[in-house]
Amino acid sequence: MASVPRLCLLLSIIPTILILCADFACCNTGRKTGDGLDTDFSGFSVPLEHSFEVDDVSRFRMRGALQLRGGRETSVSLSQSQLSEEDRNTLKEVAAVDGLYKIRVPRVSLTDRQTERQMDGYLTAFVRACSLVESHLSDVITLHTDVSGYLIGVSIVTIPGACRGTEVEDEVDLEAFNTTLTIIPPTNAPQPETALFIERMDIEHEKRGKPQEQKSFFAKYWMYIVPLVLFLMMSGAQDQSGGGAANGGGR
Amino acid sequence: MSKPTSLFVIFFSLFIMSEAVFEDQVGKFDWRQQYVGKTLFAHFDSHSQSSNKLFLATDKNIFASFNSRTGDLLWRHVDKVGPEGTIDILVLHGQDALMVVGGGRLLRSWDTNMGGLNWEAVLDTGSFQAACFVAIQDTVKHVAVLKKAAISLHYLTNGHQKWVENLPDSDTVQYQAVYSGGEVEVYVLGVVPNSHLTIIAYSLEDGEIIKSVEAPWLSSVESSCVVIGQGVLMCVDPATLALYTLPIQAEEAPQFNQILLQSLDLEVSLGFQPVLVSSQPHPARSPISEFFLQLGPDHHVLLQLNADGYTIAALRDFQPAFLVSFATTGEKTVAVVMTPKNETACDINLFSADSGRRLLDTTVIFPLDLNGGKPFKLYVHAFLKKDDSVDYRVLVQTQDHALTFIQQPGRVVWTREEALADVVTMEMVDLPLTGTQAELEGEFGKKADGLFPMVLKRLSSQVILLQAWLAHLWKLFYEARKPHGQVKNEVTIETLSRDEFNLQKMMVMVTASGKCWSRQSLFIFVWSQLFGIDSKSGSILWKHYLENVQPNAVFKLIVQRTTAHFPHPPQCTLLIKDKDTGLASLHVFNPIFGRKSHIAPPALPRPILQSLLLPVIDQDYAKVLLLVDDQYKVTAFPSTKNVLQQLQEMASSIFFYLIRSDQGNLSGFRLRKDLSTERIWEVVLPTEVQKIVAVNGKRPNEHVHSQGRVMGDRSVLYKYLNPNLLAVVTESTDAHPERAFVGVFLVDGVTGRIIHEAVQRKARGPVHFVHSENWVVYEYWNTKSRRNEFSVLELFEGTELYNSTVFSSLDRPHLPQVLQQTYIFPSPITTMEATLTEKGITSRHLLVGLPSGAILSLPKMFLDPRRPEVVTEHSREENLIPYAPEMPIRTEWFINYNQTVARVKGIYTAPSGLESTCLVVAYGLDIYQTRVYPSKQFDVLKDDYDYVLISSVLFALFFATMISKRLAQVKLLNRAWR
């Protein structure tokens, strides 16, 4: 069972992008929506945690849950709750001191569910807290997988990404994340395009038409060459005899 | 229609690209130095008196011949790397050089005149022990090769095996030596350690006699026994402090005869293993009966075995004496002894071997280099003068693998720095300005002190400049009158100064740590060497000997301050790190003079994980080096108050990355104000799938001139120029040809964002790659098609720039467009590097080192993922070469024409002051320096530029205008009068 999804993952060159705007206000943090019964088909969920502290010491808290589906088409969705009043204030404070907003996800495999438990450690990424605030919590989270479906990296950027120092007045802008979530498998590097090149060469050859039956050089000009050679031979023989005579004289 | 045009495009592009050296340019801008490595065996050609050949076999598996008058390489045979090509022994007889290669695999005979191979014989399996010539009636006809379990005799003329005999009890007896004294028998000596000695005599025709001698004290024949005189085995036992003699050829059961050292009034230094040195001048005769006994690190005694074969007479005591050797010419054998003279020199003297008398007027002085190693071995070439007295020349091998050839009365004929055969890393440093230029520069460096003094200073410096210019003119004039060829441009460290276009630089090279086992003090010397080489001539200007560098050390050479900050001297730092423990040390030096800097480097008690050079400079203009230890603590060097303050201010914008390839872990850190660090990102590549083999950022001194590429429709495709981008190359752990792959990850070193992730299927390493500008070129082995392939990745932002003024990794949310194309390359490669120029205007070339020793300058134009498969109007407009799957190799692209660089290991490129010119150094076994002009010399007038013609034409035109103007005026005036 495990090998089939892997194969499928390899085949799916174009990653499925599933965008989920987290507008559900009622979602509980960390509650796994996919229950034990249908994990094989509807995937599984891993926690997405974030940390933003004024003193820059990481204290990760639950931000939401990632629903990963490693089926024919790998897909991912995110359910996350709103930021609390306290969190909003902290985030603003962190932004004011140019602190970092960090997220992390555990290392998991999308295809092989057995090894998920064995892997430890997290994949971490960060973005400047001020840019997150100024973009009104619109972030793009990208998950990268390797050839065998392991998550190898996570990245977060905000759009726009700059910190211009604009004040965010409206508290409502900092309540809910506007997250774009993608999962990117590795692209296959191209092989040398020999077949196409040969095909093109053939077409060009055909276009030019069949070349006329090429006569060899000798076949074309034998009537000139034979007399010339004969003439040279004759004169050469004379020279030789002359030369021999000269040599003889020299001795 | 499209075909001819495409062909035309290719032809045209090639026409532009084609660059080759004209015959008269050979050696004008390039030089090559050939090395052979550490000498294992050296022999002088004693075949004829007038011969001046020297034969060396080295640890780099090279057999070479030198001209001993000049030190020039006559010929060289480079064998395979590794144990397959190791030279076990080199023995010389007449015109034949016999060599056992590859741990007893092959027996080769070389013609010493021309260096041609006479014959090669494949030997039976078994590890090699010893070999010697076998002579009958004064003519050497055979060579005996002793293996662990067999002895074979080969004809010298054709290598055919005369006979082979299995040695009895070879599983218990260690056969270690073979001896022939010119009689009809060959003796094989074996030992059962601490039990007995076995002597087997083989007659040349056939048959064997086995003798066994009790010798419970003997553990190794090889290290403690020699044969002297009429076949007497002389052994030394350090436990009982006694010499033992044994006649090998004795008919009946022989016995060891013990002679206590005490009875000879000799005393061994404490803890020293005594060593015997003997000499057999001719294989057809027995060895001489004199021998040296080394009793201490610098204590030797010349002893003589008396004619009775039992008693020993002490001829002379040499203390102190570093090295001893025997040399023979004609019938005379002399002992050569090296004694210390003073701190900076050693004396070498000749002594008559049979009497121990010193020969008059034979002293040679060997200068000791404080920046070199100590003398290690002597090779003496003795010859008879006309008045029948002995003269000699000495080849001294020092611990740093250097060879020095000296002749009387102490003239160093030549020196070869063989440590340069193993360069591991290098840098090129600009030469300092001349004194006058520096004076002018110094004016700007100082603070203003009033208007009047400033004017005075300016005037004085202008006068100095004028003076220098006049002196230069005078010199030119003076030298022009001298006949050609007499003008010598000797490069010394004093006359070094930057030339007009900064084409001459100082090459600082670091050699791999060498190992030298010294018999004198039972101590292994581990060292590495630094060399300063003039890039124009290739002459070694300075060298520095670094002691106690572990053999597995890795080096990183960092230029902290260039020569641009007069009067502060330039400063380089060599980071030496033990690969196993991670402990590191710093060596700070001046790269122009090689002198150690007085600045004390910080103590580094903890293993160092990462070092990074910051663009931050201290008040003395030295860039700050940050060293991160295993507790993620940061040490700054230099760590002045100023620097620490700057670091605190900049801390939040200093990011660095660490890579642990054993765990597949890449992580990023940010510096905090208190110089501690925090981990901010982490990417983990599971090691069960793939392992990281190489990580490469971009070169910090690289400039990119154009931000984008103009396309056929006049729009601009902007390059993605991320200075923090890392290229991470992985190889799959699964080596099966169908499932193996090579991964290429482009990771931002600040944010840890994976910019691109490509997988090359059915591929495996070794992967060579270059990362520069907005592209990565990598080369791998295609396991399916069984060929080498090149792949190029280029990153573009698109037709619009996100933020055109400044690049920040933190503010670049959109991923770049990635284009990739792959080509077949018809040759394996050994190393790859890209050209580098001052401003980055010149087009780029890839310099590819091929195993053949050629260095290919491959235009980057051929590695362009935008090469179209179908030629269109736009692509023609852009000058794109139509796609062809195979990359050509044109011989005119070989920048080193016929000067092949053996075993090329690395290529270093440096910009020069001329935009068109890039300096290239290829190193491996040889060192080759040249210049390349990727876009031809667009900013230089040709050598044969006709100044006379141009100026005469100009003048002629000028006068013609004047005259015609005058004529026109006259004509107008005349017309007006009419």
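Helices (DSSP runs of H or I, at least four residues) and strands (runs of E, at least two) are numbered from the N terminus in these legends. Welcome to a predicted model, in which local features need pLDDT of at least 70 and side-chain atom pairs count only at pLDDT 80 or more, while totals for chains, interfaces and linings use all residues. Residues are numbered from 1 along each chain as its sequence is written, chains are lettered from A and ligands numbered from 1 in the order in which they are written, and side-chain values use heavy atoms, with hydrogens and water left out.

**View 1. An annotated span of chain B, residues 772–977.** An unreviewed UniProt entry gives this stretch the feature "domain: ER membrane protein complex subunit 1 C-terminal". UniProt positions follow the numbering used here, feature names are shortened, and annotations may be inferred rather than shown by experiment. From the C-alpha atom at one end of the span to that at the other is 75 Å. Helix makes up 17% of the span and strand 30%.

**View 2. A salt bridge between B:Arg108 and B:Asp79.** Side chains of opposite charge can pair when their charged atoms come close. Here a salt bridge means a side-chain nitrogen of Lys or Arg within 4 Å of a carboxyl oxygen of Asp or Glu. Counted that way, there are 34 over all chains. In this one, the closest N and O atoms of B:Arg108 and B:Asp79 are 2.9 Å apart. B:Arg108 belongs to strand β8 (residues 106–111) of chain B and B:Asp79 to the loop between β5 (73–78) and β6 (87–93), so the pair ties together parts 29 residues apart in sequence. B:Arg108 is buried, at 11% relative accessible area. The labels work like this: buried is under 20% relative accessible area, exposed is over 50%, and partly exposed is in between (1.4 Å probe, protein chains only).

**View 3. B:Lys905 meets B:Asp422.** The closest N and O atoms of this salt bridge are 2.6 Å apart. B:Lys905 sits in the loop between α6 (873–877) and β61 (906–911) of chain B, and B:Asp422 in the loop between β33 (411–417) and β34 (423–430), so the pair joins parts that are 483 residues apart in sequence. B:Lys905 is partly exposed at 39% relative accessible area, and B:Asp422 is partly exposed at 24%.

**View 4. B:Asp734 with B:Arg739, and a network.** A salt bridge of 2.6 Å, N to O, connects the side chains of B:Asp734 and B:Arg739. B:Asp734 is partly exposed, with 30% relative accessible area, whereas B:Arg739 is exposed, with 51%. Elsewhere to look, shared partners join B:Arg709, B:Glu794, B:Lys860, B:Asp864, B:Arg866 and B:Glu878 into one network of salt bridges.

**View 5. The second largest cavity, lined by residues of chains A and B.** A cavity is a set of points on a 1 Å grid over the protein atoms alone where a 1.4 Å probe fits but cannot get out, and lining residues have an atom within 4 Å of a point. Grid points are joined across faces, edges and corners, and a volume is the space filled by probe spheres set on the points. The structure holds six cavities of 30 Å³ or more, and the second largest has about 70 Å³ of space. Its lining includes A:Phe126, A:Ile156, B:Arg753 and B:Leu810. Two or more lining residues come from each of β5 (122–128) and β7 (151–158) of chain A; β7(A) gives the most, with three. The lining has six nonpolar, four polar and two charged residues. In this sorting, Ala, Val, Leu, Ile, Met, Phe, Trp, Tyr, Cys and Pro are nonpolar, Asp, Glu, Lys and Arg are charged, and the others, Gly among them, are polar.

**View 6. The disulfide of A:Cys130 and A:Cys163.** A disulfide is taken as a pair of cysteine sulfur atoms within 2.5 Å, and the count over all chains is two. The sulfur atoms of A:Cys130 and A:Cys163 are 1.9 Å apart. This link is right-handed, with 85° about the S-S bond. A:Cys130 lies in helix α4 (residues 129–134) of chain A and A:Cys163 in the loop between β7 and β8 (178–184), so parts 33 residues apart in sequence are tied together. A:Cys130 is buried at 8% relative accessibility, while A:Cys163 is partly exposed at 26%.

**View 7. The disulfide of B:Cys225 and B:Cys235.** These sulfur atoms are 2.0 Å apart. The torsion about the S-S bond is about 105°, so this disulfide is right-handed. B:Cys225 is in strand β18 (residues 225–228) and B:Cys235, ten residues apart from it, in strand β19 (residues 232–237) of chain B. Both are buried, B:Cys225 at 10% relative accessible area and B:Cys235 at 0%.

Conventions
1 Å grid on protein atoms, 1.4 Å probe; cavity = no way out; pocket = protein on both sides within 12 Å on 5 of 7 lines; lining within 4 Å.
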